[in-house]
Structures are given as structure tokens and as C-alpha cells.
Amino acid sequence: MAQHFTGKNVYITGGSSGIGLSTAKQLAALGANILIFARTRERLEAAAAEIRKHCRSEGQKVSFMEVDVGDSENVNRVMAGAVQEFGPPDLLINCAGRAYPHYFEKIGYEQFDRTMKTNLYGMWNTTAALVPEMKKKGGCIVNVSSLAGLIGVFGYTAYCASKFGVIGFSEALRSELKRYGIKVAVLCPPDTDTPGFAVENQTKPEETKEASKGAKLMSPDEVARQLIIGLKKDRFIIIPGFDGKITWLIKRLFPSLVEAVLDGQIRKVQKRLKNTQAGAKT
Ligand SMILES: NC(=O)c1ccc[n+]([C@@H]2O[C@H](COP(=O)([O-])OP(=O)(O)OC[C@H]3O[C@@H](n4cnc5c(N)ncnc54)[C@H](OP(=O)(O)O)[C@@H]3O)[C@@H](O)[C@H]2O)c1
């Protein structure tokens with residue numbers, strides 16, 4: 001596995017936390033040079049220090065740069081600087097992301113806009129800034145979508161719109177970039193125990209919580225491990241974990257069954273909530 005990544009330049013947006021950080025640490029352990037990007041300097045500094053501890057050799061480079069992926073001018077400027085200082089990426093991982101789950105009418109335009117800017121425009125911006133450089137020597141681009149980029153999830157209208165978009169973008173890009181020796185993959189993690197996931201839980205509707213109750217929460221380290229295996233195997237869609245893979249398979253084969261099961265769970269919770277509210281009133 002190390003052979004695959006030793007001495008390679010890896011750029012990871014959202015590399016200061018969660019899945020991005022775990023991936024950075026594991027790729028550092030496989031000998032890659034790591035450059036992480038996010039908005040908050042203190043978190044970037046702390047993450048870079050952590051990643052350095054995982055390096056195999058002293059010659060490996062680990063660095064960070066502040067960027068807001070949703071701001072195309074900022075991305076163009078920062079990525080140009082990154083290429084000059086660090087050299088172009090062999091592997092670009094677009095992992096920066098956010099979610100604000102809520103009932104559709106409670107999400108509002110501002111949250112929808114922020115979600116799209118980070119998850120969809122952000123991926124577009126970094127890819128657009130770096131593809132001209134990557135075309136010179138080939139490489140790989142990983143776009144982080146979600147299981148909610150394959151299946152519409154209650155409470156996730158804005159997020160699903162962005163993550164379904166990531167998959168469509170990646171499929172189209174994949175066929176365009178083949179001739180330049182650039183591979184494209186999408187990572188579709190299930191619920192994963194990260195700082196971002198903890199924030200999501202604060203606004204998640206009860207119906208969503210109920211639907212995901214039985215599902216196992218994955219660790220970001222395991223998601224990163226499976227991403228690296230998927231890359232090694234040249235997979236296009238990488239779904240970490242058995243539950244996620246089986247859910248997607250059933251959804252493709254029996255979409256009405258998945259809809260019926262989810263609708264049933266949602267109805268049950270809504271009935272319970274109605275009874276609780278009625279009880280509180282009397
Ligand atoms: N956790 C899950 O259950 C789960 C499941 C499926 C898919 N995913 C996807 O996996 C990715 C990582 O999720 P996570 O849970 O690991 O998230 P996380 O712990 O919240 O980390 C998000 C990272 O993205 C950065 N970021 C956010 N907005 C940014 C922006 N506008 N510009 C640059 N960087 C930005 C954050 O740093 P700053 O805030 O400092 O910028 C941080 O480094 C996301 O794309 C998410 O949608 C997560």
C-alpha cells in the first residue's frame with residue numbers, strides 16, 4: 001500500500017477535522033506529503049502537528065493553508081500559492097463539507113446557500129483551480145459525497161441536493177479527465193462519528209434520528225482506511241461499511257421497498273410526537 005502513496009503530494013480540503021484529518025494521518029503514515037486546507041488557522045495548526053506524528057520519514061512535507069472553498073477567488077489565489085510552494089497534487093481530496101439538517105421549511109435560503117457553496121461550489125472551485133496543473137502529470141481526485149448523495153434522507157433536503165450534485169459532477173468529470181490520466185472517485189460515507197456529525201445532531205428532526213437509530217456509527221479512521229483501499233482498487237464509488245453497501249444495493253434493486261420502510265418509520269415517529277403533544281396539552 002505504501003508504494004502507492006510514498007512521495008505523492010496529497011491536498012485535502014477539510015483536512016483539519018473528522019474524515020479529512022483521519023485520511024491525512026493515514027496517508028502520512030504511508031509516506032505521502034500532506035497539505036491540508038480549511039478556514040480556521042488554530043484547527044489547521046493543531047491538525048498539522050498531529051499529522052506530522054504519523055509520518056514515516058523526516059523528509060515528508062506536512063503543511064496547511066487557510067481557504068474558504070466556497071469563495072472562488074480565494075480558492076484560485078490559495079491554490080496557485082500551494083502549487084508554487086508544494087508542487088501540484090497527485091491526489092486531491094475534496095472533503096470540506098457541512099450539513100444543516102432540519103425540516104425543509106426551517107432550513108431557509110441562507111443555510112441552503114451555505115451548504116451548496118461549501119459542498120458543491122467548493123468542490124467545483126478547488127477542482128477548477130487544480131485540474132490545469134494535474135493534467136500535466138495525471139493523478140486522482142476524490143470528491144466526498146455521502147450515503148445521502150445516493151438516497152434522499154428526511155431532513156436533509158439542502159444537504160442531499162449538494163451531495164447528489166457531487167456524484168453527478170464526479171461521473172461527468174471522470175469521463176472527461178480519463179484522457180489526461182486523472183482518475184475520479186467519490187466517497188459515500190454513512191453516519192460517521194466526527195465533530196461535524198455532533199453539530200448536525202443539534203438540528204436533526206426526530207424522524208431522521210429514528211430512521212438512523214439502528215445504523216452503526218462509523219469511526220472516521222475506518223472511513224479513511226476504506227477510502228484508501230478503494231483508491232488502491234480503482235473504485236469509482238467507495239461506500240465504507242457493509243450496512244451502507246447493502247442499503248445502496250437494496251435501494252437500486254427495490255426502490256419502492258426502501259421508500260415504504262422509511263415512510264413507515266417516519267409515520268411511527270410522527271404519530272408518537274402527535275400523541276406526546278396532545279398529552280402535554282391535556
Ligand atoms: N460525518 C458524517 O456522518 C458524514 C457522513 C457522510 C459524508 N460526510 C462528509 O464528509 C466530509 C467531512 O465530514 P466530517 O464529518 O469529517 O466534517 P467535520 O468534522 O465538520 O470537518 C469539516 C472540515 O471541513 C472544513 N470546512 C468546512 N467548511 C469549509 C469551507 N467553507 N472552506 C474550507 N474548509 C471548510 C472544516 O474546517 P473549518 O470549519 O475550520 O473551515 C473541517 O476541516 C464532509 O464533506 C461531509 O459532508 C460526513
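**Close-up views of a predicted structure**

**Figure 1. Helices around the ligand.** Three helices, α2 (18-29), α5 (104-134) and α7 (195-200), each contribute at least two residues to the shell around the ligand. Please keep in mind that this is a predicted model. The surroundings of the ligand comprise 32 residues, and those that come nearest are Gly-14, Gly-18, Thr-40, Gly-97 and Gly-196. By residue class, the shell holds 12 nonpolar, 15 polar and five charged residues.

**Figure 2. The whole protein, for orientation.** Before moving on to single residues, it helps to step back: the protein is built from 11 helices and seven strands. Its C-alpha trace extends over about 70 × 40 × 30 Å along the principal axes. How does the radius of gyration of the protein fit a compact globule? For 282 residues such a globule would have a value near 19 Å, so the 20 Å of the protein agrees with it. Of the 282 residues, 38% are buried. Among contacts with a separation of 6 or more, 75% join residues 24 or more positions apart.

**Figure 3. Ile-36 in the largest nonpolar core.** The largest nonpolar core of the protein contains 66 residues. Which residues have the most contacts inside this core? They are Ile-12, Ile-34 and Ile-36. Nonpolar side chains in soluble globular proteins tend to be buried together. Setting aside residues up to four places away in sequence, Ile-36 touches Ile-12, Gly-15, Ser-16, Gly-20, Ala-24, Leu-44, Ala-47, Ala-48 and Phe-64.

**Figure 4. Ile-51 on helix α3.** Helix α3 covers residues 41-52, and Ile-51 is part of it. Is Ile-51 buried or exposed? Ile-51 counts as buried because 26 C-beta neighbours lie inside 10 Å, and 20 are enough for that class. Beyond its neighbours within four places in sequence, Ile-51 is in contact with Ala-24, Lys-25, Ala-28, Ile-34 and Val-62. For one of these partners, Ala-24, the C-alpha atoms are 6.5 Å apart in space, while the two residues are 27 residues apart in sequence. Ala-24 also appears in Figure 3, where Ile-36 touches it.

**Figure 5. Phe-154 in a loop.** Between β5 (139-144) and α6 (157-177) runs the loop that carries Phe-154. Although Phe-154 sits in a loop, it counts as buried because it has 23 C-beta neighbours inside 10 Å. Not counting residues up to four places away in sequence, Phe-154 touches Pro-205, Glu-207, Thr-208, Ala-211 and Ile-266. Measuring from C-alpha to C-alpha in the model, Phe-154 and Ala-99 are 13 Å apart, with their positions 55 residues apart in sequence.

**Figure 6. Phe-164 on helix α6.** Helix α6 follows in this tour, with Phe-164 as the residue to look for. Phe-164 has 18 other C-beta atoms within 10 Å and is therefore partly exposed. Phe-164 and Leu-147 are 17 residues apart in sequence, and their C-alpha atoms are 9.3 Å apart in space.

**Figure 7. Glu-206 and its partners.** Glu-206 belongs to helix α8, which spans residues 206-211. The count of 15 C-beta neighbours inside 10 Å is why Glu-206 is classed as partly exposed. Which residues does Glu-206 touch, not counting those up to four places away in sequence? The answer is Val-269 and Leu-273. Glu-206 and Ala-99 lie 107 residues apart along the chain, and 16 Å separates their C-alpha atoms.

**Figure 8. Helix α11, hardly covered.** Helix α11 is formed by residues 255-281, 27 residues in total. From the first C-alpha to the last, α11 reaches 39 Å, close to the 39 Å expected at 1.5 Å a residue. How many of the 27 residues of α11 are buried? The count is zero, and the helix is hardly covered.

**Figure 9. Asp-234 and its backbone angle.** The loop between α9 (220-232) and β7 (237-238) is the place of Asp-234. Most residues other than glycine have a negative phi. Asp-234 has a positive phi, near 60°. With 9 C-beta neighbours inside 10 Å, Asp-234 is counted as exposed, since that class takes in residues with 12 or fewer.

Conventions
Residues numbered from 1 in each chain as written. Predicted model: local features only at pLDDT ≥ 70, side-chain atom pairs only at ≥ 80, totals over all residues. Near = placed C-beta within 6 Å. Helix = DSSP H or I, 4+ residues; strand = E, 2+ residues; numbered from the N terminus. Nonpolar A, V, L, I, M, F, W, Y, C, P; charged D, E, K, R; others polar. Rg over C-alpha atoms; globule rule 2.2 N^0.38 Å. Contact = placed C-beta atoms within 7 Å. Core = buried A, V, L, I, M, F, W, Y, C linked by C-beta atoms within 7 Å. Expected span 1.5 Å × (residues − 1).
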